[in-house]
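Open your viewer and get ready to click along. We will begin with a whole chain and then zoom in on a pair of helices and a single residue.

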Amino acid sequence: MDDAVSRSERPVTAATQDWQAIEQDNDFRTLVRTKRNFILPATVFFLVYYFAFLIIVGYVPEFANASVLGNINVAYLFALSQFIVTWLLMGLYVWRAGKFDAMAQRILEKVRGGQA
Amino acid sequence: MTKEMQTLLMFGVIVVITLVVTYWASRRMRTTTDFYAAGRRIGGLQNGLAVAGDYMSAASFLGIAGLIAFFGYDGFMYSVGFLVAYLTVLFLVAEPLRNTGKFTMADVLSFRLRQRSVRTVAAISTLAVTLIYMIAQMVGAGSLVNILVPTLDYNLAIIIVGVLMICYVVFGGMLATTWVQIIKAVLLMGGTFLLSLLVLSHYNFSISAFFDAINHVTGQYCTAGGVLKNGQCTVGVPVTKTFLQPGLKYHGTFGQLDLISLGLALVLGTAGLPHILMRFYTVPNARTARSSVVWATVLIGIFYILTTFLGFGAALLVGKEHIKNQNLAAPLLAESVGGPIFLAFIAAVAFATILAVVAGLTIAGSSAFAHDIWVNVIKGGKENEREQVLVAKVTAVVIGLVSIGLALLLRNSNVAFLVGLAFAVAASANVPAIVLTLFWRRFNTAGMIAGMLAGLISSILLIVVSPAIMGIDPPGTPASAAHLIQAPALFPLENPGLISIPLGFLVAIVVSLLTRDAAAREAFSETNVRANLGINAEE
């Protein structure tokens, strides 16, 4: 396992944390904001993209049945694109999460340092 | 050797392998963490395979193949929804859950909310989802095994499946359950891949030729809700579509809306399925939880794309008119492209699939009772390792016996709506509570309980009055296909999600806003910090 993470999993000192203080720390607030700035738009995007798919396939048959790419229609390619979008967003998240992990690690070191 | 003997032999091989794994796991099981969470030592790829194993139930493998074989494109819509759902799991649930919880969904909730009431309601919801899902799997298993191996009758098949799943859980705990999932996932992926290749070989491995063939398969339905009989509609006029065009299953006034309702339940419901959530406690930390979702999504995605070849392949190479039972599309396709040995292999894969999923459900249900109700509600949080493991095992046996009993009782009923219901209940009752407790400071105990009960009760009530249960069948319809209540449906959609999911969220939010709960508000800091940093996460 990655060392940075396995260290962060160790209890600092159970139940004696000043949670409010950590929460108000600037670095922590930046972490939460950075995460939110990725997760919120990404979630809205995939939900909109998915429901757009359901609505178009259900309510716009002329478009859904149109053939593109030889004999394959829009409906099937749209479905297939959901898989691609899911994988892409997932890859993007994992890439960004490396940054979240590094930020969390810095805060953890600060928290631990403050206690020593 | 007869076809039936070959299949039976393959089943036997699966049973022996899984029991060996269970014996091996039983020697490594001591603490409650071993029992519920496999000692939190499962790796990312392993857990990814296990999540995939827990998720790709017989409903996915046999059900979707059958739906595509019968209704073409519309069946494939399930595949899409089942996969996209993993973005909800990855973005909102997996890592915070691992960071704040211990064994169950209720752990995450009881953090900042009042333990006893929250755990009781969450455990009820978990047990409801688990049992609904379980009965769907068991009834399917009974009829499937009975068709594949006629000498094993329905009742005997149910009892064998039930006893095996109890053995895995009671003797091997989460470690055995995890490895059963992994074995099953590998077999299922391998079998599906091979089957797809064999199908494509009939088209000289040309995707274009394959789709060309699909474009020549057609299906028909009647407008105005009429029933098609010998090419004539009882009411309305017949509509013909090719198998690649949407609408053969979802059409009419409410068809598209039903599809959206189902889509909503699928895409949110996965993040509330107790047996999937529990898997994230089996890994050492949040980062491994993340990588296991990624592995699972890659595997599940490949599998669901391959359902194209399974489903359309069955429509092309077996033919809808030769498939008596929708669930048999994939096994029949296996026989037509690979002969009796391959049929036996695919049947055994389906059998392993069922065994693994019911074992995962059993352990999720037993943890909800033993960890939430027994230890934290009845015993007031005083843990006693040996006692808790014992209670969990007894609960697993009870859940197993209840499921066997219900499956025997419902053998001739039409239970196809149950998997959809399980997703709808999970999405309406569990997901609002999990998401709001993790991300909304103002959320409180009253809101959680009201929201969860509203989601649970409304989704169940709506399905009872929906066309999935209510409807008038023409005389002579077999019981296994007939509506349970012979009266016109009061609610137009088969899936309640479109109403019950927003309702679950709305009630949770409104009740939270109307009540004051300073403790819940203050404790949000702890949830927030722990969810994001993993301080004090369970080891």
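Select chain B, which has 18 helices and 4 strands; helices (H or I, at least four residues) and strands (E, at least two) are DSSP runs, numbered from the N terminus. Its radius of gyration, taken over C-alpha atoms, is 23 Å, close to the 24 Å that the globule rule gives for 539 residues, so chain B is as compact as a globular protein of that length. That rule is 2.2 Å times the number of residues to the power 0.38. Turn the C-alpha trace around: along its principal axes it spans about 65 × 50 × 45 Å.

A note on what you see: this is a predicted model, where local features need pLDDT of at least 70, side-chain atom pairs count only at pLDDT 80 or more, and totals for chains, interfaces and linings use all residues. Residues are numbered from 1 along each chain as its sequence is written, while chains are lettered from A and ligands numbered from 1 in the order in which they are written.

Next, select residues 154–201 of chain B, helix α8, and find B:C167 there. Is B:C167 buried or exposed? It is buried, because 20 other C-beta atoms lie within 10 Å (buried means 20 or more, exposed 12 or fewer, partly exposed in between, with C-beta atoms placed from the backbone). Across chain B, buried residues make up 62% of the 539 residues.

Now add B:A348 to your selection: B:C167 and B:A348 are 181 residues apart in sequence and 19 Å apart in space, C-alpha to C-alpha.
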